[in-house]
Amino acid sequence: MALLNILHFPDTRLRTVAKPVTEFDAELKQLVSDLFETMYEAPGIGLAATQVDRHIRLLVLDVSEGRDRPRCLINPQIIASDGEEEMDEGCLSVPGFYEKVSRAERIRVRAQNTDGEVSEFEAEGLEAVCIQHEMDHLEGKLFVDYLSSLKRNRIRSKLVKQQKQQAK
Ligand code: K1U
Ligand code: ZN
C-alpha cells in the first residue's frame, strides 16, 4: 500500500481526459488499493485516478458515515439521471474551497469492478453528487469550472500563492 501525491489546481495534468481501463490485472488492483488509502488518509469521500496523475477511467468513493462502504468504479457511465440539486462541493485538488454546484439528484450508473465484471446501480444525494464530481475528473473537469470566472480566478490566485510559499 502507498499514499499517492494528489495534484492541485491549476496543475494542467488535471485537464487530461482519462482512457478506458482495458487490463484488469494485479497492477490495477494495487492502484485501487492505493487510491482508497490516499482517499481515507486525506480525508475525502472520493478520489479519481486523474487526481494522482494516472489517466485511466477509475474512481473510488465512500460516502458512508462509518467510512466502511468502499466503492470502486471502473469505466463508469451514467446511463440515466433525473432531478436537480445544489450542494456544497469540495475537492482534494482544490484544498480549502467549498462552493455550491448543481448536479442531477438521482443517477443510474453502469461500471466494471476490478475483475472487469459489469454491474448497474442507482445513487442519490451525496453519493450521486460525488460520483458526478469524480466522473468530471476523468474528463479533465473540476468543480471550479461551474463557478464564475471571477470566483475561479480568485481561487486560482490563492492556490498559486500558497503553492509558491510551500515551495520556498
Ligand atoms: O477531490 C475529490 O474529488 C474528493 C472530494 C469529493 C467531493 C466532496 C464533496 C462533494 C462532492 C465531491 C472530497 O472528498 S473533498 C473532502 C470532503 O468533502 C470530506 C472529507 C471528509 C469527510 C467528509 C467530507
Ligand atoms: Zn475533486
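Here is a walk through this structure, from its two ligands to a few unusual spots in the backbone. Keep in mind that you're looking at a predicted model.

Let's begin with ligand 1. Where does it sit? Look for the largest pocket, and you'll find ligand 1 inside. A shell of 14 residues surrounds ligand 1, and the ones that come nearest are Ile45, Gly46, Gln51, Leu92 and Glu134. What kinds of residues make up this shell? Six are nonpolar, six are polar and two are charged. Helix α2, which runs through residues 125–138, gives the largest share of the shell, with four residues.

Now zoom in on the oxygen atoms of ligand 1. Gln51 reaches one with a polar side-chain atom, at a distance of 2.8 Å. Leu92 uses its backbone instead: an N or O atom there lies 2.6 Å from an oxygen atom of ligand 1. His133 joins in through its side chain, where an N or O atom is 3.1 Å from an oxygen of the ligand. How much of ligand 1 does the protein cover? On its own, ligand 1 has 530 Å² of accessible area, and the protein covers 81% of that.

His133 is worth a second look, since you'll meet it again at ligand 2, the zinc ion. Which residues coordinate this zinc? They are Cys91, through its SG atom, plus His133 and His137, each through NE2, at 2.0 to 2.3 Å. Written as a sequence pattern, the spacing of these donor residues is C-x41-H-x3-H. Find the two histidines on helix α2: His133 and His137 are four residues apart there, or about one turn of the helix.

Finally, let's follow the backbone itself. As a rule, most peptide bonds are trans, and most residues other than glycine have a negative phi. With that in mind, try spotting some exceptions. The bond from Phe9 to Pro10 is cis, with omega near 10°. You'll see Pro10 in the segment before α1, the helix covering 26–41. Another cis peptide bond links Ala42 to Pro43, and here omega is about -5°. Pro43 belongs to the loop between α1 and β1 (46–48). For phi, turn to Arg67: its value is positive, near 55°, even though this residue isn't a glycine. You can find Arg67 in the loop that lies between β2 (58–61) and β3 (71–82).

Key:
Residues are numbered from 1 along each chain as its sequence is written. Chains are lettered from A and ligands numbered from 1 in the order in which they are written. This is a predicted model: local features need pLDDT of at least 70, side-chain atom pairs count only at pLDDT 80 or more; totals for chains, interfaces and linings use all residues. Side-chain values use heavy atoms; hydrogens and water are left out. A residue is near a molecule or strand if one of its heavy atoms lies within 4 Å of it. A polar contact is a pair of N or O atoms within 3.5 Å; within protein, one must be able to donate a hydrogen and the other to accept it, and residues adjacent in sequence count only if both atoms are side-chain atoms. Accessible areas come from the Shrake-Rupley method with a 1.4 Å probe; for residues, only the protein chains shown count as cover. On a 1 Å grid over the protein atoms alone, a cavity is a set of points where a 1.4 Å probe fits but cannot get out, and a pocket is an open set with protein on both sides within 12 Å along at least five of seven lines; lining residues have an atom within 4 Å of a point. A molecule sits in a cavity or pocket if more than half of its atoms lie within 2 Å of its grid points. Ala, Val, Leu, Ile, Met, Phe, Trp, Tyr, Cys and Pro count as nonpolar, Asp, Glu, Lys and Arg as charged, and the others, Gly among them, as polar. Donors are N, O and S atoms within 2.8 Å of the metal (3.2 Å for Na, K and Ca); water is not among the atoms, so sites may look incomplete.
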